[in-house]
Amino acid sequence: MAEVLLSEAERTFIVHGIQDNIRADGRSCEDYRHMELETDVVSNTSGSARIRLANTDILVGVKAELAIPASDRPDEGRIEFFVDCSANATPKFEGRGGEEFATEISNILSRAYDNQGSLNLKDLCVIPKQQCWVLYVDVMVLECGGNVFDVVSFAVKAALHNTRIPNITVHADDNGRTELELSDDPYDCKRVDVHKTPSIVTVSKIGHFHVVDASMEEEACCLARLMLGITEQSTVTAIKKEGSGSLDPESIYDMMETGKRVGQAVNATLYQKLQEEEKLGPNKRKAGFLG
Amino acid sequence: MQRSKIFVKKTKKGSVLKVVREHYLRDDIWCGSKTCDVCLQQAAILEESPELESNLCRQPHYIVTDTNVVLHQMDILEVPVIKNVIILQTVLEEVRHRSAPAYKRIKDILTIRDKHFYTFTNEHHKDTYVERQPGESANDRNDRAIRMATSWYQEHLDIKIVLVTDDMENKEKAKKDGLTAYTVSEYVKSLSDSPELMDKLALRTSDKTTGGKAKFPEHLPLSEIQRGIKSGNYMQGSFQASRDNYLEANVSVHGSEKFDMVLIQGSHNLNRAVHGDVVAIQLLSESEWSCPSSLVLTETEKEEEEDTPNKENILKEKKSQVPKQPTGKVVGIIKRNWRQYCGILQPSLIKESTKHLFIPTERRIHKIRIETRQAKTLEGQRIIVCIDSWPRNSRYPLGHFVRALGAVGDKATENEVLLLEHDVPHTPFSQSVLSCLPEMPWRITEEDSKRRMDLRHLDICSVDPPGCTDIDDALHCREMDDGNIEVGVHIADVSHFIRPGTAIDKEAAKRGTTVYLIDKRIDMVPELLSSNLCSLRCKEDRLAFSVLWVLSQEAKIIDVKFTKSIICSRASLTYAEAQLIIDDKNRTDAIAKSLRGLNRLAKLLKKQRIESGALTLASPEVRFHIDSETHDPIDVQSKELRDTNSMVEEFMLLANISVAEEIFREFPNCAMLRRHPEPPPSNFEPIIKAAQSKGLQLNVDTGKDLAVSLNDAQLADNPYFNTMLRILTTRCMMQALYFCSGMLPEADFKHYGLATRIYTHFTSPIRRYSDVIVHRLLAVSIGADASYPELTEKKKTHALCFNLNFRHRMAQYAGRASVGLHTQLFFKTRVIDEDGYVLFVRKNALHVLIPKYGLEGMVFLTDEKKRSPFTYDEQESIQRCGDVEIGVFDHVVVQVSIDRSNVQHQKLVLRLVQPEIPGFSVPSSGPPSAKKMKMDTS
């Protein structure tokens with residue numbers, strides 16, 4: 001990630017501010033920055049979304065494809081994540097530079113989504129043991145401006161909400177062979193329920209206190225942070241500690257509590273905004289990539 | 001303005017793909033009307049004041065059509081009175097999607113200036129583009145787009161716009177939107193000036209029509225058929241109705257090893273399939289399997305409702321021990337292959353009725369019910385009719401009248417019928433084709449003579465049938481100093497004039513072959529080429545493609561050379577003239593020597609060929625003597641064969657084989673060759689059986705064995721027996737076919753009839769397109785011409801072969817039909833007793849061949865009323881009556897006449913004269929020849 005060089009005085013200023021629950025940009029410790037969200041930005045995907053938070057710019061596309069179900073879960077579909085860190089985001093990503101970071105993101109996404117509660121994968125099954133939908137979630141990191149994990153998870157959620165999977169009718173003939181028939185109406189499709197899908201909330205420990213949605217400068221002051229996969233129902237689906245510093249159990253508990261509280265609110269707001277956007281219908285003004 | 005069209009589709013692999021197409025809208029698409037001064041348009045198509053009087057809409061108006069109208073009522077749109085029609089892009093695209101022929105027809109109309117048909121690209125116009133809405137089917141969206149465009153026009157122009165649609169829902173919705181909409185029949189009825197249009201209305205009735213009980217089982221929907229075919233429950237095949245029995249048909253199944261031909265019997269099982277359709281069939285259980293009946297059944301004139309069950313019973317009764325064939329029933333139609341049919345109206349019992357039955361010329365097509373008010377004028381005319389539908393409750397398919405060709409029996413009309421029925425392209429050559437012709441006067445240029453071998457010093461001559469104007473081959477032969485003989489075959493260099501990719505080339509490729517009718521020739525290339533520049537006329541310098549051999553005295557090939565050349569023929573001879581020159585001992589000039597040499601070598605070549613197993617087959621061929629004034633035939637003769645015929649033939653074969661070897665060596669993947677597959681042994685069964693009945697054994701193991709046993713098969717008391725056997729053997733053969741060498745293994749190349757390993761057609765480029773291609777291949781391989789991409793493309797050649805094979809077959813059929821037509825004209829004024837021979841014995845008829853006229857026909861043994869005096873022995877296929885037995889090959893005398901009981905439908909009738917059967921045979925009208933003399937003098 002981009003290097004931010006801080007002087008000792010700046011560092012002290014940030015830490016002291018956080019102690020008083022007021023951050024360099026005027027937020028409180030549990031506030032997120034302003035975000036811009038647009039869905040349905042890539043027309044040839046099944047669903048897509050783009051989120052911009054400060055300088056972080058994430059584009060997510062979901063592609064639904066038919067495949068054979070995994071043998072240990074014959075009646076379920078799958079969701080697979082792939083993250084691509086564009087070299088545009090930061091010069092560090094050039095060549096294979098972004099690979100490690102990309103794997104890190106996709107791992108935590110997989111972990112956060114890998115539970116029975118968040119996505120109903122049984123819905124994605126077409127014919128048990130034979131055909132199921134696989135949702136390939138492709139994440140593009142277009143620009144890196146801090147708090148990438150959180151933004152990626154929001155964009156994934158938004159893209160899943162935007163996903164339309166064509167409806168399929170299954171005909172079985174006398175010999176037990178099956179035939180899939182696709183409806184010719186492009187509006188005849190099903191949705192993915194994102195009501196219970198997790199978002200990632202990164203809680204960064206700075207001094208003795210912690211903040212969410214750390215800015216680049218704050219990230220430079222932070223030695224340890226906790227990434228939590230949290231649903232709107234406050235269920236923690238994944239947790240990961242990152243950074244060179246250590247955390248004592250008490251502060252982990254505190255950070256989790258904060259994460260849950262913020263996560264619940266952020267999820268709820270995101271869902272509400274997605275609904276509002278959808279109500280605008282097909283005639284909404286599109287910003288796209290030029291706006 | 002950009003929109004995107006999004007749809008999902010399933011790929012062949014089974015995955016689902018979302019496709020996004022960008023769609024741009026414009027604001028500068030003009031409306032095409034001359035009255036409009038808003039649109040910036042050049043050359044508006046729609047007239048300022050369209051004149052079409054309609055009772056419904058008296059002011060000037062333009063017509064907008066629905067997709068269904070274009071799909072089904074094309075005959076109406078093609079009428080010259082219908083003008084100023086706006087064809088929307090939505091409609092055009094839907095038509096293209098649904099029916100290629102309809103699309104081609106509408107595109108043709110759009111190019112006609114006088115019709116004032118305008119295509120409005122409404123899908124790209126910013127005001128008329130509509131997006132599909134949730135829950136709306138593609139069809140509904142298109143209907144909405146059509147209404148949208150109509151209302152846009154209505155607002156845009158002062159002229160009234162009439163929407164013509166057969167879709168009731170669409171019409172209602174249009175009315176609600178304040179548009180003027182009529183159904184086609186409403187609109188056409190309102191055109192008071194042209195009542196004849198009513199006849200051209202296609203009768204569309206949905207399957208749900210009321211009234212009348214269903215006479216046929218329902219057809220399955222396409223999706224169910226496809227599933228059934230996948231699972232193997234149903235089979236797909238092309239439906240081929242029987243010529244002799246309208247209640248019987250065969251389906252040749254695609255892609256099944258077990259059953260290649262499935263029999264269908266009975267109208268219920270045939271289930272409204274029409275000859276040529278692609279159908280889905282289901283096999284019946286083995287206990288219900290049947291065998292083709294040997295009955296000859298035609299739909300009779302006055303068929304009553306109850307009639308059919310009886311006939312079907314006849315079909316069913318008497319299931320004998322003959323091995324049964326796989327039998328099935330039609331469950332659905334995959335693709336209709338209806339075309340326009342020629343035929344006549346069946347006289348109606350009720351004079352004023354508008355409903356009539358139409359009898360097609362093609363025997364394999366059912367009668368068609370049509371509605372017309374011009375029955376009186378159409379009586380005695382050949383007309384063209386189109387099938388529209390065949391609802392379940394109708395015995396006959398429903399159709400509509402398209403146009404009249406002319407009076408029945410009129411030769412021009414009958415020729416037209418013949419050409420239409422055999423799908424022979426016979427329109428005059430278009431301007432673009434004619435503009436490819438070289439300018440006259442044509443001369444051989446310096447350039448040409450530099451690159452060609454000058455053979456003008458050789459004594460070349462051509463030998464052809466009398467009256468031939470398209471001479472495409474010439475020959476020469478001379479002794480060489482070393483004792484060997486040089487022989488040259490010179491073929492007209494058509495590929496010099498027909499360059500690849502030009503309009504003339506495309507037209508020739510489409511026509512494929514010149515079609516010879518008795519009194520007419522339909523050329524493959526314009527006459528300037530066929531009868532002048534390419535024809536190797538005597539005493540004129542012509543471009544040729546020459547094959548030059550060095551042969552030993554024993555007619556063994558020592559060397560062969562191919563070259564483009566310039567020749568000058570010394571003489572154009574007929575077969576008879578050439579024969580005279582050879583026989584005339586006093587002539588010792590170069591031509592006579594050359595001909596004698598050729599004749600001697602040809603005999604040697606023929607002997608070699610026969611030794612290696614070539615077959616000599618026979619088919620009755622006749623020549624008509626045509627009256628120079630009335631153009632009616634006044635005499636018929638079998639064609640005479642002279643030595644010179646076979647002389648020319650031998651050298652043409654030799655040239656073809658040499659060329660085939662050369663082009664195959666040079667182009668192993670894309671040479672155009674001709675093969676004649678060996679018939680499967682089962683094909684020979686009927687003639688082996690027939691020969692056995694005369695106590696003769698035929699060996700059919702190889703071509704050679706067959707040739708030998710055919711030579712040995714002679715009957716002392718029946719001199720015609722051998723020829724008949726050869727005629728029958730010909731019918732056991734497979735069709736010879738053009739093919740592309742890359743598509744088949746080399747072992748399959750062989751020509752069975754000629755007993756050669758490889759063969760092609762090289763010697764008649766004026767009248768066969770295959771030869772033009774072979775010329776090009778050969779020219780490339782000797783470096784005389786440049787290649788072009790299509791020439792070496794396997795797939796293209798393959799597709800071309802397919803068309804050529806089809807055209808050749810059709811040309812053959814058309815030729816035969818022309819002979820039939822002239823035979824009928826010949827007998828118009830004659831009743832003659834003739835010698836005939838039985839070719840087949842049927843259950844209720846004898847199939848008789850009259851060698852003198854090459855005429856075949858049925859002697860029916862049963863009448864509508866009378867029972868046959870004969871009993872049929874199916875085992876030995878013999879008809880017995882008392883002590884008279886008639887079997888295959890037996891000699892009979894028959895009376896030939898024209899049945900004139902039905903003025904519209906005259907047909908040739910054969911009646912038995914000898915052997916005499918009291919109460920059945922007709923009395924002899926004197927010895928055949930004497931009778932004819934009398935007729936001629938009268």
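**Sheets, a barrel and the interface of chains A and B**

In chain A, Lys205(A) faces Ala224(A), a residue of β13(A). Strands here, like helices, are DSSP runs numbered from the N terminus, with at least two residues (E) for a strand and at least four (H or I) for a helix. This is a predicted model, in which local features need pLDDT of at least 70 and side-chain atom pairs count only at pLDDT 80 or more, while totals for chains, interfaces and linings use all residues. Residues are numbered from 1 along each chain as its sequence is written, chains are lettered from A and ligands numbered from 1 in the order in which they are written, and side-chain values use heavy atoms, with hydrogens and water left out.

The strands concerned are β11 (residues 199-206) and β13 (residues 224-230) of chain A, which run antiparallel and are joined by 7 bridges; two strands count as paired if DSSP finds at least two bridges between them. β13(A) also pairs with β14(A), again in the antiparallel sense, over 6 bridges. In that pairing Arg225(A) stands opposite Glu242(A) of β14(A). The hairpin formed by β13(A) and β14(A) has 5 residues between its strands, and Ser234(A) takes a positive phi near 70° there.

These strands belong to an open sheet of 4 strands in chain A, with the order β12-β11-β13-β14 and antiparallel pairing. Because β12 (209-212) and β14 (236-242) of chain A stand at the edges with a single partner strand each, one side of each is left without a neighbour in the sheet. On average, neighbouring strands of this sheet are turned by 25° against each other, direction ignored. Axes are lines fitted to C-alpha atoms, for helices over the stretch in contact, and angles run from 0 to 180 degrees between N-to-C directions.

Two helices accompany the sheet. Helix α2 (residues 99-113) of chain A lies across β11, β13 and β14 of chain A and runs at about 150° to β14(A). Helix α3 (residues 148-162) of chain A packs on the sheet by touching β11 and β13 of chain A, and its direction makes about 165° with that of β11(A); contact means heavy atoms within 4.5 Å.

Over all chains, a search of the whole structure finds 58 salt bridges, each defined as a side-chain nitrogen of Lys or Arg within 4 Å of a carboxyl oxygen of Asp or Glu. One pairing of this kind joins the side chains of Asp114(A) and Arg73(A), at 4.0 Å from N to O. This salt bridge links distant parts of the chain, 41 residues apart: Asp114(A) is in the loop between α2 and β5 (125-127) of chain A, and Arg73(A) is in the loop between β3 (56-67) and β4 (78-85) of chain A.

Chain B offers a closed arrangement: 5 strands form a barrel in the order β8-β9-β10-β12-β11, with mixed pairing. Here neighbouring strands are turned by 50° against each other on average, direction ignored. Within the barrel, β10 (residues 261-265) and β12 (residues 327-335) of chain B run parallel and are joined by 2 bridges, with Ile264(B) opposite Gly328(B) of β12(B). α8(B) lies across β8 (234-241), β11 (278-283) and β12 of chain B, at about 130° to β12(B).

Elsewhere in chain B, Asp890(B) sits in the loop between β35 (884-886) and β36 (891-899). Beyond its neighbours within four places in sequence, Asp890(B) contacts Lys694(B), Gly836(B), Tyr837(B), Val838(B) and Glu885(B).

The two chains meet through 18 residues from chain B and 21 residues from chain A. Together they bury about 1700 Å², 54% of it on carbon and sulfur atoms; buried area is the accessible area (1.4 Å probe) that two parts lose on being put together, summed over both. Val16(B), Arg132(B) and Arg227(B) supply 33% of the area that chain B buries against chain A, more than any other three residues. β1 (2-10), β2 (16-24) and α8 (222-231) of chain B each supply at least two residues of the side that touches chain A, and β1(B) gives the most, with 4 residues. Across this interface of chain B and chain A the rule finds 0 salt bridges.
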